[in-house]
Amino acid sequence: MKITDVEVVYLRLPIIDASRCDGTQDTLMIRVHTDNGITGIGEIDSSPAVARAVVETQASHSIANGLKELLVGEDPFDIERLWHRMYQGTLYFGRSGPALHAMSGIDIALWDIIGKATGRTTAQMLGGTFRDKIKAYASLVMPDTIQGAAALAEKYMGLGYRAIKFGWGPLGRDDRFDVNAIKTLRSVIGNDIDLMVDIGHTWDAQQAIRMAKRFEEYGVFWIEEPLPPDDHQGYAHLADSVDVYIAAGEQEAGRNAYERLLRDARIDILQPDLGRCGGLTEGKKIAYMAYDRNKKVVPHAFKTGILVAASTHYVASMPHGFLLEYTVSESPLARHLVQNPVRFENGYVILPEGPGLGIHIDPQIEARFKA
Ligand code: MG
């Protein structure tokens, strides 16, 4: 089998509110076509037009290539070799950022092809299925008011969620607001539901230590990105000072960055985004790096049903997978781009049966939102 084309599809809602930290307003879908008719689907979480250029640009010299030119004519089963070829072929402008993001979507599509060609699920091809249902947490952008958040929490508890996270929006800007929000949410959801909070890297280490101790009173399961992504010293100081889990990693790409998060920042829960970190191939290496150090991995996923499906196969195929981010965004891209999204039942998602990722794209939604 040979790759014949790498197609990039930029999808975008007609109106985007760029003041919101909501990645479901646009996306970059990848289709890798092959000469035997199998097509793999992937998704990139980046700045779409920037990542598209990484795929489509023409070669400049031996270590500054476009990804499409590097892949056409290659065998999609050579997945490690192709990852290496893309990494080395973009070294001059890559090694992280948009180049790794673009590689991620292509890598997901290659794993989809391998599953489709063998009649197996992507989880099986990644090494085997440890579990076929995974607890999923409702992931929400924090609304402007605490009452608004409480109403959303009630809504999603009613839909069966057993874990919920609020992030960004007004969080991380006013200590009193944050403590009141957590206190109110805990009283609304009761003590049996996992509650997580994403601060959107607005604190310094001292503030984070102070606030983490307050949040601990309300049984917060993790605090996500309390500090700027590069403040590894601050994260290490925080890790020394509090018991609540600290989660981070959605901003990173490439396994070396995650190694630094474990070693220097002493992060408890790594959150690689499979559409950013280097795809499933790199994600698997990151998962085992964390496993060997007895650290948790919960992939970041705030895009469409493509990334949800890839993340579900990923968590199903790692020994210590236990939880999945499940965006409940009402964006039609998040809700309807995939015709047969990963099923959610009573707090858990069910691993799709495949082959590959086991998803189909809705052609009408694709046509409607094509940018
Ligand atoms: Mg986050």
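Is Glu 250 buried or exposed? In this predicted model, Glu 250 is buried, because its relative accessible area is 9% and the cut-off for buried is under 20%. That residue leads straight to the metal site.

Glu 250 is one of the residues that coordinate the magnesium ion. Asp 198 and Glu 224 are the others named at the site. Asp 198 binds through OD, while Glu 224 and Glu 250 each bind through OE. The coordination distances run from 2.0 to 2.1 Å. Along the chain, the donors follow the spacing D-x25-E-x25-E. The site therefore draws on distant parts of the chain: Asp 198 and Glu 250 lie 52 residues apart. Asp 198 sits in strand β6, residues 194-198. Glu 250 belongs to the loop between β8 (245-248) and α10 (255-263). Asp 198 also counts as buried, because its relative accessibility is 4%.

Now step back to the whole chain. The protein has 14 helices and 13 strands. Its C-alpha atoms fill a box of roughly 60 × 40 × 40 Å along the principal axes. The radius of gyration is 20 Å. A compact globule of 371 residues would have a value near 21 Å, so the two agree.

The contacts and the burial add to this picture. Take the contacts between residues at least 6 apart in sequence: 73% of them join residues at least 24 apart. Buried residues make up 59% of the 371 residues.

What does the protein expose? The exposed area is about 14,800 Å². Carbon and sulfur atoms supply 46% of that area. As for charge, the protein carries 39 positive and 48 negative charges. The mean positions of these two sets are 1 Å apart.

Finally, look at Met 142. Where is Met 142 placed? It lies in the loop between β4 (133-141) and α6 (146-158). Met 142 counts as buried, because its relative accessibility is 3%. Which residues is Met 142 in contact with, leaving aside neighbours within four places in sequence? The list includes Ala 149 and a run of Phe 166, Gly 167, Trp 168, Gly 169, Pro 170 and Leu 171. Phe 177 and Ala 181 are also in contact with Met 142. Ser 317 offers a reference point elsewhere in the chain. Met 142 and Ser 317 are 175 residues apart in sequence. In space, their C-alpha atoms are 31 Å apart.

Definitions and conventions
Residues numbered from 1 in each chain as written. Predicted model: local features only at pLDDT ≥ 70, side-chain atom pairs only at ≥ 80, totals over all residues. Heavy atoms only, no water. Helix = DSSP H or I, 4+ residues; strand = E, 2+ residues; numbered from the N terminus. Rg over C-alpha atoms; globule rule 2.2 N^0.38 Å. Buried < 20%, exposed > 50% of the residue type's maximum accessible area, 1.4 Å probe, protein only. Contact = heavy atoms within 4.5 Å. Areas by Shrake-Rupley, 256 points an atom, 1.4 Å probe, with all protein chains shown as cover. Lys, Arg positive; Asp, Glu negative; His and termini not counted. Charge placed at Lys NZ, Arg CZ, Asp CG, Glu CD. Donors = N, O, S within 2.8 Å, 3.2 Å for Na, K, Ca; no water.
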